[in-house]
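Visitor: Please show me the model, and then explain the terms used for its empty spaces and its ligand.
Guide: Here it is.

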Amino acid sequence: MSIPFSIAIDGPAGAGKGTLARRLADHYRLNLLDTGLTYRAVAHALLRLGLPLDNVSAAETAARQVDPAKLDRAVLSAHAVGEAASKVAVIPSVRRILVEKQRDFARTPPGAVLDGRDIGTVVCPDADVKLYVTASAEVRAKRRLDEIESIGGTANFDEILADIVRRDERDMGRVDSPLKPAVDAHLLDTSEMAIEAAFLAARAIIDDVLAKRNKA
Ligand code: C5P
């Protein structure tokens, strides 16, 4: 792998793309960037300052300060931060600033797995492999509920489902870089597929691309 190799993974919240991205990055020894964390970092900065999420200049300043190598998942993974992130993510200038940082990350050898909403369409349109990972909203809500309950929390299924549907609408309906599969993306529907099966399916696709690349 001499030229940086890039794998783009897109899909809605809770489809399993984060887990898949981590497993693929480990397996192929590539860098990993969960681009959702970059939007979450901007939202978190505004929330901490008590500023409204549509304050464009404050959001731009926060976006410039994001360092993709220093994102604290523990702080940024809170549900409210994800909800707020999808609001700052509609600001085109914030997207431009973060997309540049994400591209720099992808270009750094030996290459990277990036997961998000617009990786295959906007951030890395020339990615070596593009995957679009999806699952029904009900399955994603059930997974989120199981996750919360597994760490001793409680939550309401209908509220989680409503949240997921609202976030999907915001991500798919925005004017700038809406969530959608790239035309050349491979679709992986994890509604009825365990993560291990999705990992094996993704590996078959990637190994095929690597074999052709090594022959060229
Ligand atoms: O993936 P995650 O739930 O952490 O993303 C939080 C929010 O950030 C998403 O709902 C979406 O609005 C935004 N996002 C985006 N583009 C990306 C990654 C995330 O707009 N590439």
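**Cavity, pocket and ligand**

Guide: In this predicted model, α9 provides four residues of the lining of the largest cavity, the largest share.

Visitor: What makes a residue part of the lining of the largest cavity?
Guide: A lining residue has an atom within 4 Å of a grid point of the space. Ala13, His79, Glu83, Arg144, Ile160, Asp163, Ile164 and Arg167 line the largest cavity, so each of them meets that cut-off. Both α5 and α9 supply at least two of the lining residues.

Visitor: How many cavities of 30 Å³ or more are there?
Guide: The count is one. The largest cavity holds about 60 Å³ of space.

Visitor: Why is one space called a cavity and another a pocket?
Guide: A 1.4 Å probe fits in a cavity but cannot get out, whereas a pocket is an open set of points. The space of about 60 Å³ is listed as a cavity, so the probe cannot leave it. The largest pocket has about 1,300 Å³ of space, and because it is a pocket, it is open. Of the 44 residues lining this pocket, Ala13, Gly14, Arg40, Arg144 and Glu147 are the closest to its centre.

Visitor: How do you know where the ligand sits?
Guide: A molecule sits in a pocket if more than half of its atoms lie within 2 Å of the pocket's grid points. The ligand sits in the largest pocket, so more than half of its atoms pass that test.

Visitor: What makes a residue count as near the ligand?
Guide: One of its heavy atoms must lie within 4 Å of the ligand. There are 14 residues around the ligand, and Arg40, Arg95, Asp118, Arg167 and Asp171 come nearest. α2 gives the largest share of this shell, three residues. By class, the shell has three nonpolar, four polar and seven charged residues.

Visitor: Why is the pair between Arg40 and the ligand called a polar contact?
Guide: The cut-off for a pair of N or O atoms is 3.5 Å. A polar side-chain atom of Arg40 is 2.6 Å from an oxygen atom of the ligand, so the pair qualifies. For Asp171 the distance from a polar side-chain atom to a ligand oxygen is 2.6 Å, and for Arg174 it is 2.9 Å; these pairs therefore qualify too. On its own the ligand has 460 Å² of accessible area, of which the protein covers 95%.

Technical notes: Residues are numbered from 1 along each chain as its sequence is written. This is a predicted model: local features need pLDDT of at least 70, side-chain atom pairs count only at pLDDT 80 or more; totals for chains, interfaces and linings use all residues. Side-chain values use heavy atoms; hydrogens and water are left out. On a 1 Å grid over the protein atoms alone, a cavity is a set of points where a 1.4 Å probe fits but cannot get out, and a pocket is an open set with protein on both sides within 12 Å along at least five of seven lines; lining residues have an atom within 4 Å of a point. Grid points are joined across faces, edges and corners, and a volume is the space filled by probe spheres set on the points. A polar contact is a pair of N or O atoms within 3.5 Å; within protein, one must be able to donate a hydrogen and the other to accept it, and residues adjacent in sequence count only if both atoms are side-chain atoms. Accessible areas come from the Shrake-Rupley method with a 1.4 Å probe; for residues, only the protein chains shown count as cover. Ala, Val, Leu, Ile, Met, Phe, Trp, Tyr, Cys and Pro count as nonpolar, Asp, Glu, Lys and Arg as charged, and the others, Gly among them, as polar.
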